[in-house]
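Me: I have a new structure open and don't know where to begin. Can you walk me through it?

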Amino acid sequence: MQRDEIVKRYFQAWLDQNIEPLGSIFSEDIVYSECYGPEYRGLSQILKWFADWNKSGRVLKWDIKNFIHQGMFTVAEWYFECDYNHEIGGFDGVSIIEFNDDMKIVNLKEFQSKAEHYFPYR
């Protein structure tokens with residue numbers, strides 16, 4: 001499976017609130033850094049986070065804008081929107097994703113940017 005298809009499957013798992021694909025997407029020793037600080041180490045922590053987060057939230061959109069591939073790394077640019085505790089929010093983001101030889105994700109780092117842009121020199 002191509003790396004971009006694996007990333008799409010991961011994002012779709014959040015949209016569907018379906019934990020099942022995660023075991024085939026991530027390696028057992030995954031390190032996942034969210035854009036606002038939390039870091040999860042190991043597949044068991046990813047599964048717990050996914051289950052806990054989906055009790056209070058729902059991903060509404062996770063639209064991929066672009067992929068860049070180099071070596072065992074894939075960069076995905078995206079827009080994310082969710083309803084968490086009845087509050088809707090969204091932002092632009094980038095994930096730097098490292099794959100192992102088995103095509104499982106071993107490291108993922110997220111970065112966010114405000115989705116609302118302005119032009120100070122317009």
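Me: What is the radius of gyration of the protein chain, and what would a compact globule have?
Reply: This is a predicted model. The protein chain has a radius of gyration of 15 Å, and a compact globule with 122 residues would be near 14 Å, so the value agrees with that.

Me: What does the C-alpha trace span along its principal axes?
Reply: The C-alpha trace of the protein chain spans about 50 × 35 × 25 Å.

Me: OK, secondary structure. How many helices and strands?
Reply: The protein chain has three helices and six strands. Along the sequence the pattern is α-α-β-β-α-β-β-β-β.

Me: How much of the chain counts as buried?
Reply: Of its 122 residues, 39% count as buried. The accessible surface of the protein chain is about 7500 Å², and carbon and sulfur atoms make up 50% of that.

Me: Which residues have the most contacts inside the largest nonpolar core?
Reply: Tyr10, Phe26, Tyr32, Ile46, Trp62 and Ile105 do, in a core of 30 residues.

Me: And which elements supply it with at least two residues each?
Reply: Helix 1 (3-16), helix 2 (22-25) and helix 3 (43-56) each do, and among the strands so do strand 1 (26-33), strand 3 (57-70), strand 4 (73-84), strand 5 (87-99) and strand 6 (105-113). The largest share of this core is seven residues, from helix 1.

Me: Back to Trp62. What is it in contact with, leaving aside neighbours within four places in sequence?
Reply: Trp62 is in contact with Tyr10, Phe11, Trp14, Leu15, Tyr32, Trp78, Tyr79, Phe80 and Glu110. Two of these partners, Tyr10 and Tyr32, are also among the core residues with the most contacts.

Me: For the chain as a whole, what share of contacts is between residues 24 or more positions apart?
Reply: They account for 45% of the contacts with a separation of 6 or more.

Me: Different topic: charges. How many, and how far apart are their mean positions?
Reply: There are 13 positive and 20 negative charges in the protein chain, and their mean positions are 2 Å apart.

Me: Anything to note in the backbone?
Reply: Most residues other than glycine have a negative phi. Asn85 has a positive phi of about 50 degrees, and Asn85 is in the loop between strand 4 and strand 5. Met103 also has a positive phi, about 65 degrees.

Me: Where is Met103, and is it buried or partly exposed?
Reply: Met103 is in the loop between strand 5 and strand 6. Its relative accessibility is 26%, so Met103 counts as partly exposed.

Note on methods. Residues numbered from 1 in each chain as written. Predicted model: local features only at pLDDT ≥ 70, side-chain atom pairs only at ≥ 80, totals over all residues. Heavy atoms only, no water. Helix = DSSP H or I, 4+ residues; strand = E, 2+ residues; numbered from the N terminus. Rg over C-alpha atoms; globule rule 2.2 N^0.38 Å. Buried < 20%, exposed > 50% of the residue type's maximum accessible area, 1.4 Å probe, protein only. Contact = heavy atoms within 4.5 Å. Areas by Shrake-Rupley, 256 points an atom, 1.4 Å probe, with all protein chains shown as cover. Lys, Arg positive; Asp, Glu negative; His and termini not counted. Charge placed at Lys NZ, Arg CZ, Asp CG, Glu CD. Core = buried A, V, L, I, M, F, W, Y, C linked by side-chain atoms within 4.5 Å.
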